[in-house]
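I opened a new notebook page for this one. My plan is to look things up piece by piece and jot down what turns up.

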Amino acid sequence: MPPKLKRFVSPGKGNGLRATVRIRRGELVYSAEPLACCVSNKLARDVCHHCFSRRENLLRCSQCKMARYCNTTCQKQAWCGHKTECKCLKSLRPRVPTDSVRLAARLIFALLSPSKSSSEELYTLEEHESHLSSMSENKKQGLSQLASMLELYVQQEVPDLAQEGASALPPSCRDPLSLIAKVTCNCFTISDGELQEIGVGLYPSLSLLNHDCWPNCVMVFVGTKLQLRAVRDINPEEELTISYIETLSSTEERRRQLEDQYHFTCRCQHCDSQDKDGLMLSGHKSTWDPLKEALPRLEGLKAESDWQALLEGCSHLLSTVGCDVSDENVYKLRMTDMAADACIHLGHWEEAVGYGEKTLPVYSQYYPDPHPVHGVQLVRVAKLQHYLERIEDALDTFKQAYRIIKLTHGDDHPMTAQLLMKMEECRAEMVQFNSR
Ligand SMILES: [Zn+2]
Ligand SMILES: [Zn+2]
Ligand SMILES: [Zn+2]
């Protein structure tokens with residue numbers, strides 16, 4: 001089948017990808033395996049390093065004691081890509097390099113291995129931007145540290161990157177600083193069906209996709225395979241876009257994040273019109289400012305999984321200052337979301353469903369239809385309603401989720417199959433209940 005996309009020069013944005021044919025909403029546009037990928041350090045014990053499934057009781061690699069696998073089949077299949085990395089991990093124990101260093105090393109090993117070829121890629125690593133020239137000194141310094149770590153980490157297997165590179169690595173990959181800069185600017189977060197981060201990967205062709213805060217495509221993963229799907233009907237020649245960031249924030253915040261992380265100023269229509277800003281920042285600043293001010297601290301508690309303190313912080317603010325702020329306010333929304341998270345982890349189901357249900361009407365206003373984040377939020381709420389035996393509500397919410405997920409994740413995705421099963425369960429339970 002001819003590809004549905006091709007490379008072009010997008011006015012004002014450099015390289016980009018555009019459609020070659022008419023693409024329907026929900027259609028799979030492109031599917032790609034990573035050139036290199038790795039499980040995030042923080043999930044290294046919970047996710048198989050080969051197939052990226054989340055499982056309990058994973059087998060541990062006896063050499064590096066870091067990599068874990070579902071079973072010996074996954075371990076065997078992973079060995080070819082893991083064996084060089086394994087020696088490096090072992091040499092550094094008990095230290096473990098950061099995710100980006102491990103990813104950069106896997107990229108070097110992949111490029112040095114004769115079996116792997118990236119010749120069919122639309123975009124070579126050589127062309128990838130490092131943005132080093134436009135980076136702040138501070139950021140550059142951070143990257144230099146990562147580059148030194150990378151050299152130390154691969155030292156045993158690739159003693160001299162510049163030397164080794166002369167034969168097999170593209171010139172720009174021989175300089176550790178430029179390599180690590182390219183990796184951090186161009187890597188994708190690999191997430192599971194519920195959009196929880198599980199790892200990082202490089203998919204060179206798709207690095208060509210430009211950003212839009214209201215994009216026409218989304219990326220969803222099946223294991224490590226990236227699937228790009230259309231969320232709107234797209235005309236031939238139209239540019240394909242994704243969002244690089246979580247878009248639940250005001251124009252000013254989105255622009256700042258994109259400038260800091262990706263080194264460009266967003267000029268998308270959504271930013272130029274600032275159309276949701278009024279709603280997102282609804283209410284007088286003095287009423288919602290305490291919520292905004294508290295968010296960084298609460299996000300810190302979330303990162304540390306301190307659920308009890310997080311719930312206390314959120315519920316206190318929401319039941320005091322939060323009462324005077326409308327549900328549409330984006331800071332209140334984020335806090336309500338975190339409160340729901342904390343309740344789920346603490347097993348406070350009634351409270352969790354209350355917070356979750358509050359977010360749903362607001363999500364549908366702020367995300368384009370369909371959007372995977374909105375779909376996954378519906379699934380979370382539906383599961384809680386189901387657990388609490390509110391079967392009719394659960395079925396209704398599962399249906400709304402299914403309508404979205406089958407477009408964003410596709411019919412073949414395990415998540416879509418799981419939803420069909422959940423809806424069946426609800427229907428069967430309703431029949432059972434009515435016949436009692
Ligand atoms: Zn596995
Ligand atoms: Zn190992
Ligand atoms: Zn924008």
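Before anything else, a note on naming: helices (H or I, at least four residues) and strands (E, at least two) are DSSP runs, numbered from the N terminus. I also note that this is a predicted model.

**Entry: odd phi angles**

I started with Gln274, which sits in the loop between α7 (269–273) and α8 (277–280). Gln274 is not a glycine, yet I find a positive phi of about 50° there. Is Gln274 buried or exposed? Gln274 is exposed, because I count just 12 other C-beta atoms within 10 Å, and 12 or fewer makes a residue exposed.

Leu195 was next on my list. Leu195 isn't a glycine either, and its phi is positive at about 70°. I located Leu195 in the loop between β7 and β8. With 17 C-beta neighbours inside 10 Å, Leu195 counts as partly exposed.

**Entry: the sheet around that loop**

I followed the chain out of the loop on both sides. β7 and β8 make a hairpin, with five residues between the two strands. They run antiparallel and are joined by four bridges. I checked Ser191 in particular: its bridge partner in β8 is Glu197.

What is the strand order of the sheet? I read it as β4-β8-β7, an open sheet of three strands with antiparallel pairing. The edges are β4 (36–39) and β7 (188–191), each of which pairs on one side only. From one strand to the next, the twist averages 30°.

On the other side of the sheet order, β4 is joined to β8 (residues 197–202) by four bridges, and these two strands are antiparallel. Here I see Cys38 standing opposite Val200 in β8. Helix α2 (residues 99–112) packs on this sheet and touches β4 and β8. The direction of α2 makes about 145° with that of β4.

I also looked at the two faces of β7. Phe188 and Ile190 are on the covered face, while Thr189 and Ser191 are on the uncovered one.

**Entry: another sheet**

I then turned to an open sheet of three strands in the order β3-β11-β10, where the pairing is antiparallel. β3 (28–32) and β10 (217–222) are at the edges with a single partner strand each, so one side of each has no neighbour in the sheet. Ignoring direction, neighbouring strands are turned by 20° against each other on average.

How many bridges link β10 and β11? I get six bridges between β10 and β11 (residues 225–230), in the antiparallel sense. Cys217 stands opposite Ala230 in β11.

**Entry: helix α12**

I spent a while on α12 (residues 349–366). It has 18 residues and reaches 25 Å from its first C-alpha to its last, close to the 26 Å expected at 1.5 Å a residue. Where is the kink in α12? I found it at Leu360, shortly before the proline Pro361, and it amounts to about 30°.

The buried residues of α12 are Ala352, Val353, Tyr355, Gly356, Thr359 and Val362. That made me recall that an α-helix has 3.6 residues a turn, so residues three or four places apart point the same way. The buried residues of α12 pack against α11 (330–346) and α13 (372–387).

**Entry: cis peptides**

I looked for cis peptide bonds and noted two places. Between Asp369 and Pro370 the bond is cis, with omega about 0°. Pro370 falls in the loop between α12 and α13. The bond from Arg93 to Pro94 is cis as well, with omega near 0°. Pro94 belongs to the loop between α1 (72–92) and α2.

**Entry: Asn15**

I picked Asn15, in strand β2 (residues 14–19), to see what surrounds it. Asn15 counts as partly exposed because it has 17 C-beta neighbours inside 10 Å. Setting aside neighbours within four places in sequence, Asn15 is in contact with Arg7, Val9, Ser10, Tyr123 and Leu208. Asn15 and Tyr123 are 108 residues apart along the chain, with 9.4 Å between their C-alpha atoms.

**Entry: domains**

Last, I stepped back to the whole chain. The protein chain is divided into domain 1 (34–186) and domain 2 (278–435). Taken over C-alpha atoms, 35 Å separate the centres of domain 1 and domain 2.

How values were computed:
Residues numbered from 1 in each chain as written. Chains lettered and ligands numbered in written order. Predicted model: local features only at pLDDT ≥ 70, side-chain atom pairs only at ≥ 80, totals over all residues. Pairing = 2+ DSSP bridges. Axes fitted to C-alpha atoms, helices over the stretch in contact; angles between N-to-C directions. Contact = placed C-beta atoms within 7 Å. Domains from an automatic or database assignment. Expected span 1.5 Å × (residues − 1). Bend = angle between axes of the 7 residues up to and from the residue. Buried ≥ 20, exposed ≤ 12 C-beta atoms within 10 Å, placed from the backbone.
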